[in-house]
Amino acid sequence: QNRHTRLLARRIRNRKIPQALLFLGVNGIGRRILAIRFAMTVNCLASTITATQTPDISENETDSTILPACGNCPSCKKIQTGQHPDIILVEPAGRAIKIEQIRSLRQTLNLKPYEAAQRIAIIDNAALMTLPASNALLKILEEPPERTTLILIANKPSDLIATIVSRCQSIRLGPIDDGLVANELINEQNAAPADAKIAAYLAQGSLTSAETMLTADWHKQKEWILDELIVHATSDSAASVSPRRAMALAAFLAADPALLKQTVGVMKSWFRDLAIWPFLPEKILHQNENETIGRLASGGDPERCFSHFVDLEKLEKEIESNVNSRLALETYFTGMAHGLSLIHI
């Protein structure tokens with residue numbers, strides 16, 4: 001997230017620290033880590049970042065040099081261990097962030113910072129604030145305390161009421177590059193390169209999601225998904241895949257949002273591999289299924305495979321827009337059963 005760390009660094013170097021920031025993006029891309037790094041940098045007792053430095057920052061700098069907190073001074077150590085009195089973290093109490101938590105935060109912010117140059121209040125999972133809590137936070141944003149920055153973490157602006165979003169400087173963090181995620185899984189999680197590659201693709205730029213996949217019973221789930229897909233994909237007629245089977249599969253997946261998301265991702269990756277095999281076989285994701293993919297692709301139509309990939313992307317967007325997941329899946333699987341005579345074993 002170097003582009004965003006450079007933006008924050010320029011603000012610090014120019015002494016124009018925002019009073020409210022909104023970090024947007026999917027889970028697992030470093031939003032909370034960036035918030036902590038920001039808090040450390042503005043309060044580091046040994047930081048080299050000053051107003052006299054040029055705001056121009058090299059494109060080659062890393063996160064640690066763009067926001068150069070030392071990590072060793074008393075302030076940095078307290079922030080890292082969660083013991084700094086002026087770095088406040090608000091998280092859901094159960095399933096929601098309640099009004100009592102925001103009222104308590106407001107009381108704390110009404111006092112002067114104990115020792116920080118800039119007090120930082122981080123509200124993680126801000127989308128889980130109740131409406132009363134959101135209204136209480138709005139009162140803080142309308143009269144922001146001195147030497148204080150509020151950092152809200154959410155997935156998208158619509159997760160929060162519009163009046164809160166309008167009072168924050170929004171920073172939309174992008175997904176992490178698949179290659180970086182895969183390397184992290186290989187180097188830090190000792191993942192097999194083939195597994196790391198697929199997990200990185202399915203995680204869509206979220207390191208946390210990729211790590212979760214590898215620690216869960218992921219291999220069995222992936223094998224089940226591919227088995228179901230191959231059963232459908234090798235059908236020569238609609239009769240071999242009954243509507244009852246399609247609806248049962250749709251009902252099963254709709255009941256488990258996490259499995260549903262993973263299933264759509266695996267299916268997309270499978271059709272992607274079938275589509276590119278005739279042109280770039282070395283670029284397929286499912287290297288462990290190399291022989292099967294080659295056998296299926298040799299009897300199929302790459303354009304038809306790509307069209308099914310596009311259909312899955314449409315299905316994914318429909319599900320994300322909160323349509324009836326079960327109905328969308330029934331429609332997709334029924335259409336798949338009738339239209340997937342593209343592959344012949």
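1. Lining chemistry. In this predicted model, the lining of the largest pocket divides into 16 nonpolar, 13 polar and nine charged residues. Glycine is counted among the polar residues in that split.

2. Pocket size and centre. The volume of the largest pocket is about 1,400 Å³. Its lining is made up of 38 residues. Nearest the centre lie Val26, Gln204, Pro257, Lys261 and Glu320.

3. Where the lining comes from. Four elements each give two or more residues to the lining of the largest pocket: helix 9 (193-203), helix 10 (207-215), helix 13 (257-276) and helix 15 (302-320). Which helix gives the largest share? Helix 13 does, with nine residues.

4. The sheet. Five strands make up an open sheet. Their order is 2-3-4-1-5, and the pairing is parallel. In general, strands of a sheet pair through backbone hydrogen bonds, either parallel or antiparallel.

5. Sheet edges and twist. Strand 2 (87-90) and strand 5 (169-172) are the edge strands. Each of them pairs on one side only. On average, neighbouring strands of this sheet are turned by 20 degrees against each other, with direction ignored.

6. Strands 1 and 5. Strand 1 covers residues 20-24 and runs parallel to strand 5. Four bridges join the two. One pair to look up in the structure: leucine 21 has glutamine 169, in strand 5, as its bridge partner.

Terms used. Residues numbered from 1 in each chain as written. Predicted model: local features only at pLDDT ≥ 70, side-chain atom pairs only at ≥ 80, totals over all residues. Heavy atoms only, no water. 1 Å grid on protein atoms, 1.4 Å probe; cavity = no way out; pocket = protein on both sides within 12 Å on 5 of 7 lines; lining within 4 Å. Points joined across faces, edges and corners; volume = space filled by probe spheres on them. Pairing = 2+ DSSP bridges. Axes fitted to C-alpha atoms, helices over the stretch in contact; angles between N-to-C directions.
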